[in-house]
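The following exercises ask the reader to reason from a structural model to the placing of individual side chains. Each task is followed by a worked solution.

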Amino acid sequence: MCTRYALDITQPELKEIIDIAKSSRLTTKFLDTHARPLITDGEVRPTDIVPVIAPNSKGEKCVFPMQWGFTARDNKRSLFNARLETAGEKPTFKDAFQSHRCIIPAAYYYEWEHFKSPDGKVKTGDKYAIQPAGCTITWLCGLYRIEEGYPVFVILTKEPTIELSKIHDRMPMMIPKDKIEDWINPSKNPEELIPYALLDMVTEKAER
């Protein structure tokens, strides 16, 4: 699962992306109709409205405010992640996987350590901040679609590395900056970009 990440407005590249989203008319529309402001700094949670990179109607890379979460097919719950291994097959994600891919910029993502207690129940332990080694920005891969006139997104998750599996059994898919335009390009085959997923991560315990 990936249900928390962080924005850091002190990072110049992130600030530039955030400022573009702040000036969007769609951000004002979200506030007027959903009573939800754009999150510009700190911890991001499911259902928040945040800056996301996706192509515009001309196919150009742009920044849009989007809400985190697809409505499930039963209309009774929200989905915040999609499994990379099955996204191209499941009805909820298939179309988006093929032609509506996005990038969610972050400083890092959060994960809680999961472990089995002596009674066999899965419990959570320490909270970790995780980002690709040598990076100040984390480019999370996602899918988007339009629901009732508003863009919404989910984050793709995959099998973890051996090191991260000690914390959790899933990790988000992240790519290098130079692959962003390929990822959001609807004419590209997403399967061909999976090998570029970043695997070398830096982890640090965070305040719960």
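**Exercise 1. The start and end of helix H2**

Identify the side-chain contact at the start of H2 in this predicted model, and state the backbone feature found just after H2.

Solution. Step 1: At the start of H2, the residue to inspect is Ser-24, whose side-chain oxygen comes to within 3.1 Å of the backbone nitrogen of Leu-26. Step 2: Just after H2, the residue to inspect is Ala-35, which has a positive phi of about 55°.

**Exercise 2. The two sides of helix H2**

Determine which residues of H2 are buried, and explain why they lie on the same side of H2.

Solution. Step 1: Helix H2 spans residues 25-34, and its buried residues are Leu-26, Thr-27 and Phe-30. Step 2: These residues lie on the same side of H2 because they cover an arc of only 105° around the axis. Step 3: A general rule applies here: an α-helix has 3.6 residues a turn, so residues three or four places apart point the same way. Step 4: On the other side of H2, Arg-25 and Asp-32 are exposed. Step 5: The packing partners of the buried residues of H2 are helix H1 (12-22), strand E3 (49-55), strand E4 (61-68) and E12.

**Exercise 3. The largest nonpolar core**

State which residues touch the most other members of the largest nonpolar core, and which strand gives the most to this core.

Solution. Step 1: The largest nonpolar core holds 61 residues, and those touching the most other members are Tyr-5, Ile-103, Leu-143, Phe-153, Leu-156 and Trp-183. Step 2: Strand E12, residues 150-158, gives the most to this core, contributing six residues. Step 3: Ile-103 may be examined further; with its neighbours within four places in sequence left aside, its contacts include Val-52, Ile-53, Trp-139, Ile-175 and Trp-183. Step 4: As a general background, nonpolar side chains in soluble globular proteins tend to be buried together.

**Exercise 4. A buried arginine**

Establish whether Arg-101 is with or without a salt bridge, and find the backbone oxygens that its side chain reaches.

Solution. Step 1: Arg-101 is located in strand E8, residues 101-106. Step 2: Arg-101 is buried and has no salt bridge, the nearest side chain of opposite charge being Asp-182 at 8.4 Å. Step 3: A salt bridge requires a distance within 4 Å. Step 4: A polar atom of the Arg-101 side chain lies 2.8 Å from the backbone oxygen of Phe-97, and the Arg-101 side chain reaches the backbone oxygen of Trp-183 at 2.6 Å. Step 5: Beyond its neighbours within four places in sequence, Arg-101 is in contact with residues including Pro-55, Leu-143, Asp-182 and Lys-188.

**Exercise 5. Salt bridges**

Give the number of salt bridges, and describe the pairs Lys-177 and Glu-13, Lys-22 and Asp-19, and Lys-188 and Asp-182.

Solution. Step 1: The count is 13 salt bridges. Step 2: Lys-177 and Glu-13 form one at 2.7 Å, N to O. This pair links distant parts of the chain, 164 residues apart: Lys-177 is in the loop between strand E13 (171-172) and helix H4 (180-184), and Glu-13 is in helix H1. Step 3: Lys-22 and Asp-19 form a salt bridge at 4.0 Å, N to O; both lie in helix H1, three residues apart, about one turn of the helix. Lys-22 is partly exposed, at 47% relative accessible area, and Asp-19 is partly exposed at 30%. Step 4: Lys-188 and Asp-182 form a salt bridge at 3.9 Å, N to O. Step 5: Arg-4, Glu-43 and Lys-127 are joined into one network by salt bridges that share partners.

Terms used:
Residues numbered from 1 in each chain as written. Predicted model: local features only at pLDDT ≥ 70, side-chain atom pairs only at ≥ 80, totals over all residues. Heavy atoms only, no water. Core = buried A, V, L, I, M, F, W, Y, C linked by side-chain atoms within 4.5 Å. Buried < 20%, exposed > 50% of the residue type's maximum accessible area, 1.4 Å probe, protein only. Helix = DSSP H or I, 4+ residues; strand = E, 2+ residues; numbered from the N terminus. Contact = heavy atoms within 4.5 Å. Arc of directions from axis to C-beta. Polar contact = N/O pair within 3.5 Å; in protein donor to acceptor, adjacent residues only side chain to side chain. Lys, Arg positive; Asp, Glu negative; His and termini not counted.
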